[in-house]
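Visitor: Could you take me through one part of this model up close? I'd like to start with a single residue and its backbone, then move inward from there.

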Amino acid sequence: MRRVATLFSALTLASLSWTAGTTAHAATSAPSHPAPSAQGTSVATEEQRAAVRFWTAERLRTARDVTTLPAARTAKLAEPAPTAGERVTVPPLPGPTAPVSAPSPRATSPTAWTGGGLISTTAGKVFFQNASGGTFACSATVANSDNKSVVLTAGHCTVDAATGTGYRNWVFIPGYNNGNRPYGTFAARRLFWDAQYVSTRGNANWDYAFAVMNTLNGRTLADTVGAQGIAFNSQTGRHVHSFGYGGSAAEGNGERLNHCEGDEFADAGRPGSTMWGIDCVQTGGSSGGGFLADFSGGAGYLIGNISVSAGTNEYHPTLGNAALGLYQQAGAA
């Protein structure tokens, strides 16, 4: 079984180099929402190549699963993430043909995903390294974007909220399964997170991030595997699905894609929380995995990412105007 690490206590990184909807028809038609609070890091071309070489089969196998944030973790309060505003949606982008199986019984506990469809190619594992040599794993999902190169993941899978330092050797493997890389390994060329996540030292209301992936064999990520839709300022309280690579033995030790589903409810366990969750929880390694609404046949709309777990519940931050601005900036990178 994989070792599970709590990111905030386990990762201490040295300094890195820094750089400071849409309608249902096209991502470019969205009103502009600048992201003045956007922060992130750029990755040089040679560092991207080195990241792909770095992730050998052995390093993938021994990477430690990053846990979801504990609900009781103390973080400086901030203004709540906006939950109201113009609804903006970007539709899914079809990918390789993946057979869609009959719906499985409702997954009220983490269940292996066997339904095929677009999620089987667009969900994947994230791997990254800290300065002391530790290697770690999270989850992410391809989101349709202007540059066809963006994945949604958790803020705590991209940056140390205690120091504001981003992680290195950051790669995404779509469709990861038992060490297999059916569509290759994509290296990040930019990471974007919300500055409020760092300034509050980890307030989970802002625990979302977008990574911009390099091309592989001359093709963008979305052209290779397709992309899920994404929605901002969307309706809450709906039936949703979550997907991730939990590291428990019951979830396949992080080697397979699992899913949960349920009707959303507001997070009442943290003062000032604007998060929503379901009565099902995936374990370490699922951090950053997608929550999707209007999910059918393996495709849907991303409305958040796995962030906080508490007891038998898991929660996602809402994607409001700040997240929209961050997404648009990533899509233009």
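Guide: Lysine 148 is partly exposed, with a relative accessible area of 30%. This is a predicted model, by the way, so treat each value here as computed from it. Lysine 148 belongs to the loop that runs between strand 8 (135-143) and strand 9 (150-153). Its backbone is what catches the eye: phi is near 55 degrees, a positive value in a residue other than glycine. As background, most residues other than glycine have a negative phi.

Asparagine 169 also has a positive phi, about 50 degrees, and is not a glycine either. The setting is another matter: asparagine 169 is found in strand 12 (residues 168-174). With a relative accessible area of 17%, asparagine 169 counts as buried because the cut-off is under 20%.

From asparagine 169 you can step straight to phenylalanine 127, which touches Asn169. Leaving aside residues up to four places away in sequence, the other contacts of phenylalanine 127 include Trp55, Leu60, Phe136, Trp170 and Tyr176. Phe127 is also listed among the residues with the most contacts inside the largest nonpolar core, which has 68 residues; Phe128, Val151, Trp170, Met213 and Ile230 are the others. In general, nonpolar side chains tend to be buried together in soluble globular proteins. Apart from that core lies another, of nine residues, with Cys260, Ile278, Cys280 and Ile303 among them.

Now for the rings. The count of aromatic pairs comes to twelve. One of them joins tryptophan 55 and phenylalanine 127: the pair is tilted, 5.2 Å centre to centre, with 45 degrees between the planes. Tryptophan 55 lies in the loop between helix 2 (45-54) and helix 3 (57-62), while phenylalanine 127 is in strand 7 (residues 123-129), so the pair ties together parts that are 72 residues apart in sequence. Both tryptophan 55 and phenylalanine 127 are buried.

Phenylalanine 128 and phenylalanine 136 make a stacked pair, with 5.9 Å from centre to centre and 25 degrees between the planes. Phenylalanine 128 and phenylalanine 136 are both buried too.

Back at Trp55 and Phe127, ring pairs link these two with Phe54, Tyr176 and Tyr245 into a cluster. Phenylalanine 54 has a charge for company as well: the charged end of arginine 59 sits over its ring, 3.9 Å from the centre.

Methods: Residues numbered from 1 in each chain as written. Predicted model: local features only at pLDDT ≥ 70, side-chain atom pairs only at ≥ 80, totals over all residues. Heavy atoms only, no water. Core = buried A, V, L, I, M, F, W, Y, C linked by side-chain atoms within 4.5 Å. Buried < 20%, exposed > 50% of the residue type's maximum accessible area, 1.4 Å probe, protein only. Contact = heavy atoms within 4.5 Å. Helix = DSSP H or I, 4+ residues; strand = E, 2+ residues; numbered from the N terminus. Phe/Tyr/Trp six-rings, centres within 6.5 Å; stacked < 30°, edge-to-face > 60°. Lys NZ or Arg CZ within 6 Å of the ring centre and 35° of its normal.
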